[in-house]
Amino acid sequence: MGKIIGIDLGTTNSLVAVVESGIPLVLADGRGQRLTPSVVRVPASGEPVVGWEARRGRVAHPETTVTSIKRFMGRRGDEVNSNGDTMAYPVHAEGSGPVVVPLQGRDWLPEELSAEILKTLRTIAAEGMIDRPEAAVITVPAYFNDAQRNATRKAGELAGLRVERIINEPTAAALAYGLNSLKEKSKVAVYDLGGGTFDLSILELNEGVFQVLATCGNTRLGGDDIDRVLVDHFAEQIGQEVGPSAAAEPAILARLTEAVQEAKARLSKELKVAITLPFLTPEFSFEHTLTREQLELLAKPIVTRTREYCLKALADAGLASGYLDQLILVGGQTRMPLVREFASEVFGCDEGGPELNTSQNPDEAIALGAAIQGGILCGDFSGMLLLDVTPLSLGIETFGGLMNVIIPRNTTLPVKRGEAFTTVADYQKEVLIHVLQGEREKAADNWSLGRFTLEFEPQPKGVAKVGVQFEIDADGILHVLARDLKTGNEKLVEMSSAVEVDDAEVQQMIEESVEHAFDDIEDRRWIEARLRAKQTTAATRKGLESLGDELEEDQRGAIESALASVESLLARRENGDAVTAAQLREANSKLDAATQPLAGLMMDRVMAEMLEKRGVLPG
């Protein structure tokens with residue numbers, strides 16, 4: 001196998017790295033630049049322009065210059081509905097169709113624009129390597145869903161690369177920091193705040209194996225949000241000084257964005273920076289001094305939002321921060337002193353907590369880790385293995401609208417698990433497999449990954465058996481197999497672009513599962529009790545119709561009373577009364593006890609019919 005390059009396909013910047021003679025290296029372009037801006041300009045004629053040249057041309061051509069395209073990877077129209085998705089370039093988003101960027105008479109898919117960035121990175125790699133690269137490991141945020149991972153793989157293929165592996169960014173960073181040199185059972189937190197995403201992962205080293213114990217994050221939280229706050233702040237100031245509306249003028253918005261990004265970067269080392277925008281109009285120029293204190297005041301609400309994900313990941317891993325050995329910072333935004341101070345405070349680095357490790361270049365760590373993973377795959381390293389986890393539970397909808405979990409969250413990947421299910425109606429011809437992702441008890445509260453049907457021979461309810469198997473490969477992509485266990489008829493589906501979930505809701509899933517935990521458990525108990533009550537009452541009424549006359553009067557009266565109690569509770573709940581699952585379970589138990597004489601009569605009749613069929617007379 002030839003060399004496998006590692007690619008950090010970032011929201012703001014992208015990098016390519018490779019392992020040479022056992023040493024991972026980030027490759028530079030012909031001008032010595034290791035960072036390639038994730039910017040694509042589509043001119044009226046000719047090939048797209050990528051990287052530094054596209055970034056420099058953004059001010060002059062904002063409507064045809066695409067930035068932060070990673071935010072739209074794998075997303076659908078009805079997911080793009082917030083102010084955070086407003087761009088200087090046009091974005092077309094409608095219904096369940098894919099997001100497209102209409103430029104120069106053509107609709108570009110996000111993966112096509114990302115492919116242009118990857119082509120540039122491949123060219124950089126080809127210039128810095130002996131052999132032209134054909135294969136790559138590409139990183140994604142840990143919370144990228146299935147559709148986003150598939151879109152990333154598609155972008156790599158469009159760029160002419162064989163994508164050997166899709167790995168999570170925090171996981172790649174752990175490799176770059178050389179965690180394999182730590183003592184056994186070392187536990188490390190990876191705090192990854194980039195341009196568009198945030199992830200917090202907890203990893204443990206065990207006999208040369210890197211295992212992700214927990215991961216939590218937000219695919220729409222990063223440095224871009226700080227840029228947006230700064231832009232809004234200065235746009236308001238320009239308006240107060242009777243200047244032009246930046247929001248209404250794409251060229252002015254692009255200049256302002258460029259200026260605040262540069263100021264933000266400089267303020268990581270300096271205490272104040274002058275922002276100068278001459279001649280926004282022939283009559284108006286703007287100048288302002290931005291201090292680090294002002295920047296931190298505007299940025300703090302955004303940085304503070306990372307706290308909840310840090311605490312959730314620690315809770316999922318069952319750890320207190322004092323049990324961590326190191327905290328490593330990844331992503332260009334972690335250069336900001338405010339971010340470093342905040343991360344140290346959250347994990348108690350100055351109070352006996354983990355060591356704050358900033359030894360690696362935060363911009364380059366992910367690309368280096370991807371290259372190391374490529375080196376592992378092609379045999380450049382031995383004795384190292386990386387195990388990832390699935391960030392959210394996966395399962396299917398079952399009768400009553402509940403979610404049956406097949407693969408719990410934080411299960412190590414790759415993984416394959418399955419369960420057998422049966423039918424709930426007589427002579428069904430097919431069964432609907434509704435695949436879900438999330439942490440809530442009710443199917444409707446989770447994310448739908450897709451639906452498909454499996455046909456089988458009609459049989460009485462409870463007879464047909466359907467096996468459902470989930471397999472998540474090393475790239476985190478889900479494959480679902482449904483099989484009729486009698487005939488062997490089966491259907492295999494890859495869950496790709498069927499995801500229709502707004503990325504802004506990713507972080508809410510874990511929060512809501514905790515917030516509504518008691519309500520969800522009560523809902524599940526009620527649904528289960530209601531299903532049992534429905535079955536019991538139907539069977540009881542059928543039994544009374546056929547054998548009620550053979551019961552003693554007090555026995556029949558007890559059954560009818562218990563039956564009425566169960567049906568009354570069901571009706572009251574449907575009318576909005578506060579009936580609990582415990583009340584219904586108690587009523588079910590009383591009905592079970594009351595129907596014992598009826599059950600005995602029914603069993604006697606079944607036995608008599610069996611004997612009659614065999615020609616044996618009672619006697």
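This report describes selected helices, strands, loops and side-chain contacts of a predicted model.

## Helix 10

Helix 10 covers residues 365–377, a run of 13 residues. At 1.5 Å a residue the expected span is 18 Å, and the C-alpha atoms at its two ends are 18 Å apart, which agrees.

Twelve of the 13 residues are buried, so the rest of the structure largely encloses this helix. The buried residues start with Ala 365, Ile 366, Ala 367, Leu 368 and Gly 369. They continue with Ala 370, Ala 371, Ile 372, Gln 373, Gly 374, Gly 375 and Ile 376. Gly 379, just after helix 10, has a positive phi of about 90°.

## Aromatic rings

Three aromatic pairs turn up in a search of the whole structure. One of the pairs joins Tyr 191 and Phe 198 in an edge-to-face arrangement, with 4.8 Å from centre to centre and 65° between the planes. Tyr 191 has a relative accessibility of 1% and therefore counts as buried. Phe 198 is buried too, its relative accessible area being 0%. The rings of Phe 198 and Tyr 309 lie 6.1 Å apart at their centres, and the pair is tilted because the planes meet at 50°. This pair links distant parts of the chain: Phe 198 belongs to strand 13 (residues 198–206) and Tyr 309 to helix 8 (residues 307–317), 111 residues apart.

Like Phe 198, Tyr 309 is buried. Through ring pairs, Tyr 191, Phe 198 and Tyr 309 are linked into a cluster. Another ring, that of Trp 108, has a charge over it: the charged end of Arg 106 sits 3.8 Å from the ring centre.

## A four-stranded sheet

Four strands make up an open sheet in the order 21-20-24-25, and their pairing is antiparallel. Strand 21 (402–407) and strand 25 (447–455) are the edge strands, each of which pairs on one side only. On average, and with direction ignored, neighbouring strands of this sheet are turned by 30° against each other. Strands of a sheet pair through backbone hydrogen bonds, in either a parallel or an antiparallel sense.

At one edge, strand 20 (residues 394–398) pairs with strand 21 over five bridges in the antiparallel sense. Within this pairing, Gly 395 is opposite Val 405 of strand 21. The two strands, strand 20 and strand 21, form a hairpin with three residues between them. In the turn, Gly 400 has a positive phi of about 100°. At the other edge, strand 24 (residues 430–437) and strand 25 are joined by eight bridges, again antiparallel. Gln 437 has Trp 447 in strand 25 as its bridge partner.

## The loop between strand 7 and strand 8

The loop between strand 7 (65–67) and strand 8 (101–103) contains Arg 71. With a relative accessibility of 4%, Arg 71 counts as buried. What does the side chain of Arg 71 contact? One polar contact is with the side chain of Asp 224, at 3.4 Å. Another is with the side chain of Asp 225, also at 3.4 Å.

Phe 72 lies in the loop between strand 7 and strand 8 as well. Its relative accessibility is 0%, so Phe 72 counts as buried. A distance of 9.0 Å separates the C-alpha atoms of Phe 72 and Leu 109, which are 37 residues apart along the chain. Ser 68 is also found in the loop between strand 7 and strand 8. Ser 68 counts as buried, since its relative accessibility is 9%.

## Positive phi outside glycine

Ser 68 takes a positive phi of about 50°, although it is not a glycine. Val 242, not a glycine either, has a positive phi of about 60°. Val 242 is found in the loop between helix 5 (223–240) and helix 6 (250–266).

Is Val 242 buried or exposed? Val 242 is exposed, because its relative accessible area is 72% and the cut-off for exposed is over 50%. Ser 68, by contrast, counts as buried at 9% relative accessibility.

How values were computed. Residues numbered from 1 in each chain as written. Predicted model: local features only at pLDDT ≥ 70, side-chain atom pairs only at ≥ 80, totals over all residues. Heavy atoms only, no water. Expected span 1.5 Å × (residues − 1). Buried < 20%, exposed > 50% of the residue type's maximum accessible area, 1.4 Å probe, protein only. Phe/Tyr/Trp six-rings, centres within 6.5 Å; stacked < 30°, edge-to-face > 60°. Lys NZ or Arg CZ within 6 Å of the ring centre and 35° of its normal. Pairing = 2+ DSSP bridges. Axes fitted to C-alpha atoms, helices over the stretch in contact; angles between N-to-C directions. Polar contact = N/O pair within 3.5 Å; in protein donor to acceptor, adjacent residues only side chain to side chain.
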